[in-house]
Amino acid sequence: MKRNIVITIISAAAVLLVFSLFRFLMDKKERTDRVLKVGIIYEGDESTPYTNNFIHTQQAIESQFGDKVVFVVKNNVPEEATADVLNELVEEKCELIFANSYGYAGEMKKIAGEHPDIQFCQATGDNAAETPFYENYHTFMGEIYQGRYVTGVVAGMKLKELIDSGEISKEEAKIGYVAAYSCAEVVSGYTAFLLGVRSVVDSAVMTVKYTNTWGNYYQEKVCAQKLIEEGCVVISQHSDTIGPAVACEENRASKTVFHVGYNQSMIDVAPTTSLISSKINWTPYMSAAVEAVLTGKDIDQYVKGNKHKNDVGGGLEEDWVQILELNSIIAADGTDEKIDEVIRDIKRGDCEVFKGNYIGVNPEDESDTCDLSEGYKENKDSSAPTFFYILKDVITIEQ
């Protein structure tokens with residue numbers, strides 16, 4: 001009788017094991033075979049460098065996963081339409097939704113709270129850790145200040161070449177910057193750029209003009225033209241069109257003004273003036289997020305990067321930030337080698353960007369200052385930039 005009981009137990013265990021294995025294999029097959037519908041809302045389209053950068057990532061994901069992933073894309077979405085467009089994506093049964101503009105973040109998080117079974121990933125967002133906290137709401141951004149600093153060094157080397165050749169004096173080393181908005185993301189970027197320039201030419205100063213829009217070609221171009229008229233010899237930008245690059249190229253007949261771009265190489269539209277560009281590489285995060293949802297894993301644990309709860313970032317070391325093609329025809333001699341050196345120092349932690357004999361002033365509260373002699377650690381607690389101080393005596397804001 002004992003023998004029969006043992007046989008029965010063993011048989012039951014074997015059946016349970018086979019059943020469990022069958023369920024595991026079926027679940028795995030279902031995860032492997034299923035098609036993931038991914039929604040994405042863009043503030044622009046392929047005509048704007050910022051959104052086009054995301055489109056390249058979308059195409060890379062489509063190539064990587066083939067027919068396992070289907071994108072539902074919404075282009076040129078104004079901020080006031082965010083909720084309606086997100087609800088459309090929910091109704092279309094998207095299981096993962098990306099948004100590429102900071103202005104979408106408020107509605108993204110609100111709707112994420114209403115749909116806990118859908119994963120929402122907000123680029124450049126800074127509200128993932130705020131109350132209320134939702135497990136299915138995520139933010140991500142590349143530590144672009146590193147790219148800004150490297151390209152600033154490139155601009156500084158060109159300025160030094162102009163000074164050494166007698167084309168300009170040290171006092172004429174003036175940078176112009178076309179900036180979208182007065183927010184930490186923009187202020188941090190142009191500050192890092194100028195600090196890169198000043199690491200080579202310590203007399204360089206910067207004038208910033210805000211457009212108060214992310215993507216207005218005409219307005220960005222006009223701002224760049226005004227900065228050129230004011231004597232700037234290098235123009236850079238944190239804005240979404242090629243307007244500033246075109247302004248520099250069209251001015252070459254009267255005076256050569258060099259350009260440093262963002263989001264994409266602009267050498268094709270400004271071959272005699274555009275030195276270099278940097279960009280955030282969105283692919284490491286977005287590809288990993290897609291794979292995580294496909295395979296039933298937690299996004300923030302699966303993504304490789306610098307993690308702050310439901311917020312992830314990365315820099316040059318993680319390939320989240322990239323330095324694009326150098327225009328070697330017009331760049332100063334030795335620039336290639338200098339780029340490699342600066343990138344190596346940043347990756348090793350030997351280059352502290354926000355450090356020097358500078359005092360920063362909060363533009364919204366002059367009593368709030370920051371002494372950079374002790375250094376400021378950008379992206380320490382978030383993927384979104386936090387440096388929001390205007391450097392006294394070296395940066396001028398013009399409306």
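1. In this predicted model, strand β14 and strand β16 (residues 390-391) run antiparallel and are joined by two bridges. Within this pairing, Val-361 stands opposite Ile-390 of β16.

2. Strand β14 (residues 359-362) is also joined to strand β15 (residues 365-371), again in an antiparallel arrangement, by four bridges. The two strands β14 and β15 form a hairpin, with two residues between them. Asn-362 has Asp-365 in β15 as its bridge partner.

3. The model contains 15 aromatic pairs. One of them is formed by Phe-140 and Trp-282, which meet edge-to-face, with 5.6 Å from centre to centre and 85° between the planes. Phe-140 belongs to strand β5 (residues 137-142) and Trp-282 to the loop between β10 (274-280) and α9 (283-294), so this pair ties together parts 142 residues apart in sequence. Phe-140 has a relative accessible area of 1% and is therefore buried; Trp-282, at 2% relative accessibility, counts as buried too.

4. Tyr-285 and Trp-320 have ring centres 6.0 Å apart and planes at 70°; because planes over 60 degrees apart count as edge-to-face, this pair is assigned to that class. Tyr-285 lies in helix α9 and Trp-320 in the loop between β12 (311-314) and β13 (321-323), so the pair links distant parts of the chain, 35 residues apart. Both Tyr-285 and Trp-320 are buried.

5. Ring pairs link these four residues into a cluster that also includes Tyr-42, Tyr-50, Phe-54 and Phe-98.

6. Two charged side chains lie over ring faces. Arg-148 is placed over the face of Tyr-262, 3.8 Å from the ring centre, and Lys-309 over the face of Phe-133, 4.1 Å from the ring centre.

Key: Residues are numbered from 1 along each chain as its sequence is written. This is a predicted model: local features need pLDDT of at least 70, side-chain atom pairs count only at pLDDT 80 or more; totals for chains, interfaces and linings use all residues. Side-chain values use heavy atoms; hydrogens and water are left out. Two strands pair if DSSP finds at least two bridges between them. Rings of Phe, Tyr and Trp (its six-membered ring) pair if their centres lie within 6.5 Å; planes under 30 degrees apart count as stacked, over 60 as edge-to-face and the rest as tilted. Buried means under 20% relative accessible area, exposed over 50%, partly exposed in between (1.4 Å probe, protein chains only). A charge sits over a ring if NZ of Lys or CZ of Arg is within 6 Å of the ring centre and within 35 degrees of the ring normal.
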